Amino acid sequence: MLTRSDFYRGDGITLGRDVPVVMAAELPPKPGLNSRDGQARLIHDLASIELQAMELAVRTLYEFPDANPEFRKELADLALEESRHLKLCLRDLRDLGFDWGSWPAHLALWNAVSPEDSLLDRILVVHRYLEASGLDAGESILRRLVGVANKYVNRTVKTIVDEEVGHVAFGSRWYRRVAEELHIDPETDFRERMAVLVYTVPRRERLAMELRRQAGFTEYELEVLEAARAEYERRIGLN
Ligand SMILES: [Fe+2]
Ligand SMILES: [Fe+2]
């Protein structure tokens, strides 16, 4: 049973979980998607991500009570959509004969934000970085699911990826709007922040260019992101 003290620690809100929590890199190896175990593990990982996405949306609502009411309404709708994604995952997991907690979970998304964030930080990190990286990962999962016989898993992943485009588009719209209100040039700001974010929250998936365009990324932003990631990989010696 979780108590209030599981959620509040020091200067920020932390998260309680009723399953073991590990670092993302410590999760056990993933079986192939042709096996039932592999499909269940994919859905379990997705459930953990959807849960954090829902919690992050609610956290922004909690931490930014004075944000534009229109923004808050859209974000509340987004949180509800995340809860539906989570339900889809839990349903598929059960159908595959597994339960929430069959594997450990990570809190990498939750830990990518900070109580010191401005609203602009939060919109960029959650919706234009983490959720947008989810589009990259989603596109690659959909490719790997071609030929996998479980139509429910395929449908769940497709539904999530389609609806996540809307979440990232929400981030793109409000990022520009809030930047304008603060007299910040969104392109310069995006370039400067990406140069840091690729180091603090590295992502390795190939960019899902078309999905990202649909979600409001400009050609300039895509080029900036590619360049920042290439520079990161060069520095850590991958290229
Ligand atoms: Fe989602
Ligand atoms: Fe989302």
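Start by selecting S83, which lies in helix 2 (helices are DSSP runs of H or I, at least four residues, and strands are E runs of at least two, numbered from the N terminus). S83 counts as partly exposed because it has 16 C-beta neighbours inside 10 Å. The scale here goes like this: a residue is buried with 20 or more other C-beta atoms within 10 Å of its own, exposed with 12 or fewer, and partly exposed in between, with C-beta atoms placed from the backbone. Draw a distance from S83 to D95, 12 residues apart along the chain, and you get 18 Å between their C-alpha atoms.

Before you move on, some housekeeping. What you have open is a predicted model, in which local features need pLDDT of at least 70 and side-chain atom pairs count only at pLDDT 80 or more, while totals for chains, interfaces and linings use all residues. Residues are numbered from 1 along each chain as its sequence is written, and chains are lettered from A and ligands numbered from 1 in the order in which they are written.

Stay in helix 2 and click A76, which has its place there too. A76 counts as partly exposed because it has 13 C-beta neighbours inside 10 Å. Now add A57: the two are 19 residues apart along the chain, and their C-alpha atoms are separated by 7.2 Å.

**Zoom out**

Show the whole protein chain as a cartoon and you should find 7 helices and 2 strands. Followed along the sequence, the pattern is β-β-α-α-α-α-α-α-α. The C-alpha trace spans about 55 × 45 × 35 Å along its principal axes. The radius of gyration is 18 Å, which agrees with the value near 18 Å for a compact globule of 239 residues; it is taken over C-alpha atoms, and the globule rule is 2.2 Å times the number of residues to the power 0.38. Colour by burial, and 31% of the 239 residues count as buried. Among contacts with a separation of 6 or more, 76% come from residues 24 or more positions apart (a contact means C-beta atoms, placed from the backbone, within 7 Å).

**Between helix 2 and helix 3**

Next, go to V113, found in the loop between helix 2 and helix 3. V113 is partly exposed, since 19 other C-beta atoms lie within 10 Å. Leaving aside neighbours within four places in sequence, V113 is in contact with L56, R122, V125 and V126. For a long line across the view, join V113 to R36: they are 77 residues apart along the chain, with 34 Å between their C-alpha atoms.

D117 sits in the loop between helix 2 and helix 3, and is partly exposed because it has 18 other C-beta atoms within 10 Å. Its C-alpha atom is 9.5 Å from that of E63, 54 residues away along the chain.

Carry on into helix 3. Its 27 residues reach 36 Å from first C-alpha to last, close to the 39 Å expected at 1.5 Å a residue (the expected span is 1.5 Å times one less than the number of residues). After helix 3 comes G147, with a positive phi near 90°.

**Into the core**

Which residues touch the most other members of the largest nonpolar core? Select I43, L46, A47, C89, L135 and A215, out of 46 residues in that core. A nonpolar core is a set of buried Ala, Val, Leu, Ile, Met, Phe, Trp, Tyr and Cys residues joined through C-beta atoms within 7 Å. Helix 1 (36-63), helix 2 (69-95), helix 3 (119-145), helix 4 (151-181), helix 5 and helix 7 each supply at least two residues of this core. Helix 1 gives the largest share, 10 residues.

Centre on L135 for a closer look. Not counting residues up to four places away in sequence, L135 touches V161, E164, V165, V168, A208, L211, R212 and A215.

**A loop stop, then helix 7**

H183 lies in the loop between helix 4 and helix 5. H183 has a positive phi of about 55°, although it is not a glycine. H183 is exposed, because 6 other C-beta atoms lie within 10 Å.

Finish on helix 7. In helix 7, E221, L225, A228 and R229 are buried. Look down the axis: the buried residues fall within an arc of 95°, so they line one face of the helix (the arc is that of the directions from the helix axis to the C-beta atoms). They pack against helix 5 (186-200). Swing round to the other side of helix 7, where E219, Y220, E223 and R234 are exposed. Last stop: G237 follows helix 7, with a positive phi near 85°.

Key: Two residues are in contact if their C-beta atoms, placed from the backbone, lie within 7 Å.
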